[in-house]
Amino acid sequence: MSTLLDGLESRPFIPTEYVVRLARTPWERAGYHALRREVFCTEQHVFSEDDRDAIDGIATPIIAACCMAGMPDRVVGVVRIHEAEPGIWRGSRLAVHADHRKLGRIGAELIRMAVSTAHGLGATQFLAQVQEQNVLFFRRLHWKSLRAITLHGLPHHDMQADLVRYPAHGQDQTWLLRPQPRIRQVA
């Protein structure tokens with residue numbers, strides 16, 4: 001009987017739903033910063049101890065949180081947006097917890113929330129500096145590469161979203177996301 005339970009303790013908890021929205025509460029903001037530190041400092045070593053910068057003072061944080069009993073419980077995805085100059089908005093610090101990267105569309109929904117929110121706030125252009133390994137992912141989401149660059153010693157691309165594909169909405173939006181199980185192909 002113990003063979004049925006072997007390995008279960010190492011499997012991540014898979015929630016039945018996530019919420020994607022602007023960070024509203026102190027615990028959501030704390031989880032937002034903690035996940036950024038985990039991904040950009042501990043996992044990727046892009047920054048040494050903290051990834052916060054001057055943009056955090058003006059940025060709007062967006063989170064994806066997994067739900068327990070229908071309530072947001074833990075931040076597992078983040079991105080931030082800010083208006084760099086009138087009408088020109090930028091997204092940055094997109095991160096998804098390692099245990100949740102393959103469970104659904106968390107990264108894509110964070111991007112959609114970011115661009116649609118900025119669009120609703122008057123964006124005429126939305127840009128991001130995207131790590132090279134994620135360029136194809138962004139292209140699938142209707143972004144185009146403007147040029148290759150080096151940022152923090154790593155290859156990136158300046159990319160631009162096609163705003164036509166991201167309808168504008170207000171800041172009070174909350175999206176419910178349910179992970180889609182992957183169907184195995186049987187030969």
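Trainee: Why is D158 called buried in this predicted model?
Mentor: Its relative accessible area is 8%. The cut-off for buried is under 20%, so D158 qualifies as buried.

Trainee: What touches D158, leaving out residues up to four places away in sequence?
Mentor: Its contacts are R90, A128, Q129, K144, S145, L146, R147 and I149. Contact here requires heavy atoms within 4.5 Å.

Trainee: Where does D158 sit?
Mentor: D158 belongs to strand β7, which covers residues 154–161.

Trainee: What makes β7 largely enclosed by the rest of the structure?
Mentor: Of its eight residues, six are buried, so the description fits.

Trainee: How do you know that β6 and β7 pair?
Mentor: Pairing needs at least two bridges between the strands. β6 and β7 have eight, in the antiparallel sense, so they count as a pair. Within this part of the sheet, T150 stands opposite P155 of β7. The hairpin of β6 and β7 has two residues between the strands, and H152 takes a positive phi near 55° there.

Trainee: What makes β5 and β7 a pair?
Mentor: The same threshold of at least two bridges applies. Five bridges join β5 to β7, so they pair, and they run antiparallel. A128 stands opposite M159 in β7.

Trainee: In what order do the strands of the open sheet lie?
Mentor: The eight strands follow the order β6-β7-β5-β4-β3-β2-β1-β8, and the pairing is mixed.

Trainee: Why are β6 and β8 said to stand at the edges?
Mentor: β6 (143–151) and β8 (174–177) each have a single partner strand, so one side of each lacks a neighbour in the sheet. Neighbouring strands of this sheet are turned against each other by 25° on average, direction ignored.

Trainee: Which strands does helix α2 touch as it packs on the sheet?
Mentor: Helix α2 (residues 26–43) touches β1, β2, β3, β4 and β5, and its direction makes about 80° with that of β3. Its buried residues pack against these strands; among them are Y32, L35 and F40.

Trainee: How do you know that the end-to-end distance of α2 agrees with its number of residues?
Mentor: The expected span is 1.5 Å times one less than the number of residues. For the 18 residues of α2 that gives 26 Å, and the end C-alpha atoms are 24 Å apart, which agrees. After α2 comes H45, with a positive phi near 60°.

Trainee: How does α3 run relative to β3?
Mentor: The angle is about 40°, and α3 lies across β1, β2, β3, β4, β5, β6, β7 and β8.

Trainee: What makes a set of residues a nonpolar core?
Mentor: The members must be buried residues of listed types, such as Val, Leu and Ile, joined through side-chain atoms within 4.5 Å. The largest such core has 34 residues, and I62, I106, L110, V115, F126 and W143 have the most contacts inside it. Helix α3 (residues 106–120) supplies the largest share, eight residues. I62 touches residues including L22, Y32, V79, I81, L110 and M113, with those up to four places away in sequence left out. There is also a second, separate core of 15 residues, which includes L35, C41, V46 and I63.

Methods: Residues are numbered from 1 along each chain as its sequence is written. This is a predicted model: local features need pLDDT of at least 70, side-chain atom pairs count only at pLDDT 80 or more; totals for chains, interfaces and linings use all residues. Side-chain values use heavy atoms; hydrogens and water are left out. Buried means under 20% relative accessible area, exposed over 50%, partly exposed in between (1.4 Å probe, protein chains only). Helices (H or I, at least four residues) and strands (E, at least two) are DSSP runs, numbered from the N terminus. Axes are lines fitted to C-alpha atoms, for helices over the stretch in contact, and angles run from 0 to 180 degrees between N-to-C directions.
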